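Trainee: I should like to take a close look at one part of this model and then see how that part sits within the whole chain. Please treat the matter in one connected account.

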Amino acid sequence: MNCLDCSSAGQPTTAVAVCHSCGAAVCALHAVVRDHHLIRTAPINKQIIIEPAARLVWCSTCAAAHDAAAHHDAHHGRR
């Protein structure tokens with residue numbers, strides 16, 4: 001399987017992962033790897049972050065979209 005972004009640019013490159021959000025194949029250059037902390041809810045709705053963090057892989061397009069959404073939410077009082 002080849003990276004979608006590289007193939008679109010006429011440079012077929014072997015994919016190393018699949019985007020968690022859109023399912024596109026991505027190469028090492030286009031893969032964005034982030035920590036994803038799993039959360040457990042304890043009694044009285046206390047949230048506990050589980051360590052170690054899981055790994056989350058996005059394509060650069062989805063990573064940019066998630067970053068934009070987080071930035072928007074942070075500036076509009078949402079979590």
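Does I44 count as buried or exposed, and why?

Mentor: I44 counts as exposed, because its relative accessibility is 85%, and the cut-off for that class is over 50%. The model is a predicted one, and what follows is to be read as a description of that prediction.

The position of I44 in the chain comes next. I44 belongs to the loop that links β4 and β5. Its backbone is notable in one respect: phi is positive, near 65°, in a residue that is not glycine. N45 is found in that loop between β4 and β5 as well, and N45 also has a positive phi, of about 55°, although it is not a glycine. With a relative accessible area of 66%, N45 is exposed.

The two strands that flank this loop are β4, residues 39–42, and β5, residues 46–49; they pair in the antiparallel sense over four bridges. Within that pairing, R40 has I48 in β5 as its bridge partner. Together β4 and β5 form a hairpin, with three residues between them, and I44 is in the turn.

Moving on along the sequence from β5, one reaches another backbone feature. The peptide bond joining E51 and P52 is cis, with omega at about 0°. P52 is found in the loop between β5 and β6.

Strand β6 leads to the largest pocket. This pocket has a volume of about 160 Å³, and its lining consists of R34, D35, H36, L56 and W58. Two strands, β3 (31–36) and β6 (54–59), each supply at least two residues of that lining. The greatest contribution is that of β3, with three residues. Sorted by class, the lining holds two nonpolar residues, one polar residue and two charged residues.

After β6, attention may turn to T61, which lies in helix α2, residues 60–75. T61 counts as exposed because its relative accessibility is 53%, where the class requires over 50%. In sequence T61 and C22 are 39 residues apart, while in space their C-alpha atoms are separated by 9.3 Å.

These parts can now be placed in the whole. The chain contains two helices and six strands, and their order along the sequence is α-β-β-β-β-β-β-α. The C-alpha trace spans about 55 × 30 × 15 Å along its principal axes. The radius of gyration is 16 Å, whereas a compact globule of 79 residues would have a value near 12 Å. Buried residues account for 20% of the 79 residues. Of the contacts between residues at least 6 apart in sequence, 38% join residues at least 24 apart.

To return to the residue in question: I44 is an exposed residue, at 85% relative accessibility, in the turn of the hairpin formed by β4 and β5. Its positive phi, near 65°, is accompanied by the positive phi of about 55° at N45.

Technical notes: Residues numbered from 1 in each chain as written. Predicted model: local features only at pLDDT ≥ 70, side-chain atom pairs only at ≥ 80, totals over all residues. Heavy atoms only, no water. 1 Å grid on protein atoms, 1.4 Å probe; cavity = no way out; pocket = protein on both sides within 12 Å on 5 of 7 lines; lining within 4 Å. Points joined across faces, edges and corners; volume = space filled by probe spheres on them. Nonpolar A, V, L, I, M, F, W, Y, C, P; charged D, E, K, R; others polar. Buried < 20%, exposed > 50% of the residue type's maximum accessible area, 1.4 Å probe, protein only. Pairing = 2+ DSSP bridges. Rg over C-alpha atoms; globule rule 2.2 N^0.38 Å. Contact = heavy atoms within 4.5 Å.
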